[in-house]
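Student: Before we turn to the model, could you show me how to read a pocket and then a pair of packed helices?
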Amino acid sequence: MTINETRTETMRAAAFHRFGGPQEVALERVTRPVPASHEVLVRVHYASVSIADHRVRARDVPRGLKLPVTAALGWRTPKHPVLGMDASGVVEQVGADVTDFAPGDRVVLLRGARFGCHAEFVTVRAAGSIARIPDELSLQDAATVPFGFGTARTFLDTAGVAPGQKVLVNGASGAVGSAAVQLAVRAGAIVTGVTSARNAEIVRGLGATDVVDYARADFTDAGPVYDIVVECVGNAPYARSRRAIVPGGALLLVITDLVGMTGAKLRPVRGGIRRIESVGVITGAMLGDLAARMAAGEIQPVLDRVFEFDDIRAAHEYVDTGRKRGTVLVRIGQSPSV
Ligand SMILES: NC(=O)c1ccc[n+]([C@@H]2O[C@H](COP(=O)([O-])OP(=O)(O)OC[C@H]3O[C@@H](n4cnc5c(N)ncnc54)[C@H](OP(=O)(O)O)[C@@H]3O)[C@@H](O)[C@H]2O)c1
């Protein structure tokens, strides 16, 4: 090698090059990212395989959103061949201007729609969505924080959940729903979870006072009793949920279609109900706070299964069932005991 040549290092990553089923995902060697001066390079130990990975891989998006989403994801081939929105791991290297992190730091991070976490290494802005993990929290548990708790937290913060309020979480056993139940309970709310019979005990265990089995009852039959409805399934838009929300209450549209999104943007308050479909970013400070709360036992990880990186296709297959409880992880790192 001459003095001017720099060796391009490679790493293992799970990539897909055609939209479709889990069979499109395969491990391959790709160029290892190099951190810019303001970035941190993290060796990934755990990354979640989330419904967002499913949606992007299969282009399975809510009604009316195919066109705008396709523009963002790629028309013919995926713009983000390596999926994975979030991860936990250990800082490998920092850019020249980074002072907040150092090699060896255990961190949790969210790349969100930039994806790329189903890989041995990722970069993230040091001032972005990254936080140190308290010593008492394992890297495995920390990896359940960003997607579910981060999303639930931004929505609940935007609504301003208060002690004594009645909160209903539709889809209470999913990654976002199970986090929303816990965060609302910790905020002092009285929480009802909508779930199936098989997950009723899990949801009660997270602190829900009541559980509605969606196969046997419709939560809106109770009339306008909830201050906040957190919609995490896609079957409780404004037209349905409004019957269950008190005047002055809020509908948190974690998932909605084009009509719901446009309606909420154009008329954020309708029939006395606030409709919240978009929230701010999940910051590093938020991730740090959530990790600290998990380390203190205030909130608990809801971890369904951990797949080895070699089995990432099986992880996609499982997430595709729509039946996962909380978070599904892949173990990527080589020293899981850290
Ligand atoms: N806006 C944002 O920024 C944002 C961020 C993250 C996620 N999301 C969206 O939020 C939604 C939830 O995400 P997630 O990660 O929590 O999903 P998830 O973990 O994949 O949800 C799976 C859970 O949904 C439950 N479920 C399925 N059908 C149900 C029904 N009819 N009623 C109640 N529960 C039902 C399943 O329980 P059973 O097996 O018991 O049915 C399962 O436990 C997704 O649509 C996702 O795209 C949006």
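Student: How much space lies in the second largest pocket?

Tutor: Rolling a probe the size of a water molecule over the atoms shows where empty space is left. Here, the second largest pocket holds about 330 Å³ of space, a pocket being an open set of 1 Å grid points where a 1.4 Å probe fits, with protein on both sides within 12 Å along at least five of seven lines. This is a predicted model, in which local features need pLDDT of at least 70 and side-chain atom pairs pLDDT 80 or more, while totals for chains, interfaces and linings use all residues. Residues are numbered from 1 along each chain, and side-chain values use heavy atoms, without hydrogens and water.

Student: Which residues line the second largest pocket closest to its centre?

Tutor: Of its 20 lining residues (an atom within 4 Å of a point), P237, Y238, T256, D257 and G260 are the closest to the centre. Helix 8 (258–266) and helix 7 (238–241) each supply at least two lining residues, and the largest share, three residues, comes from helix 8; helices here are DSSP runs of H or I with at least four residues.

Student: At what angle do the axes of helix 4 and helix 5 cross?

Tutor: Two packed helices are described by the angle between their axes and the distance between the axes. The axes of helix 4 (residues 145–159) and helix 5 (residues 175–186) cross at roughly 55 degrees and come within 8 Å, on lines fitted to C-alpha atoms, with angles from 0 to 180 degrees. That makes helix 4 oblique to helix 5, the term for angles outside the ranges under 35, over 145 and 65 to 115 degrees.

How values were computed
Grid points are joined across faces, edges and corners, and a volume is the space filled by probe spheres set on the points.
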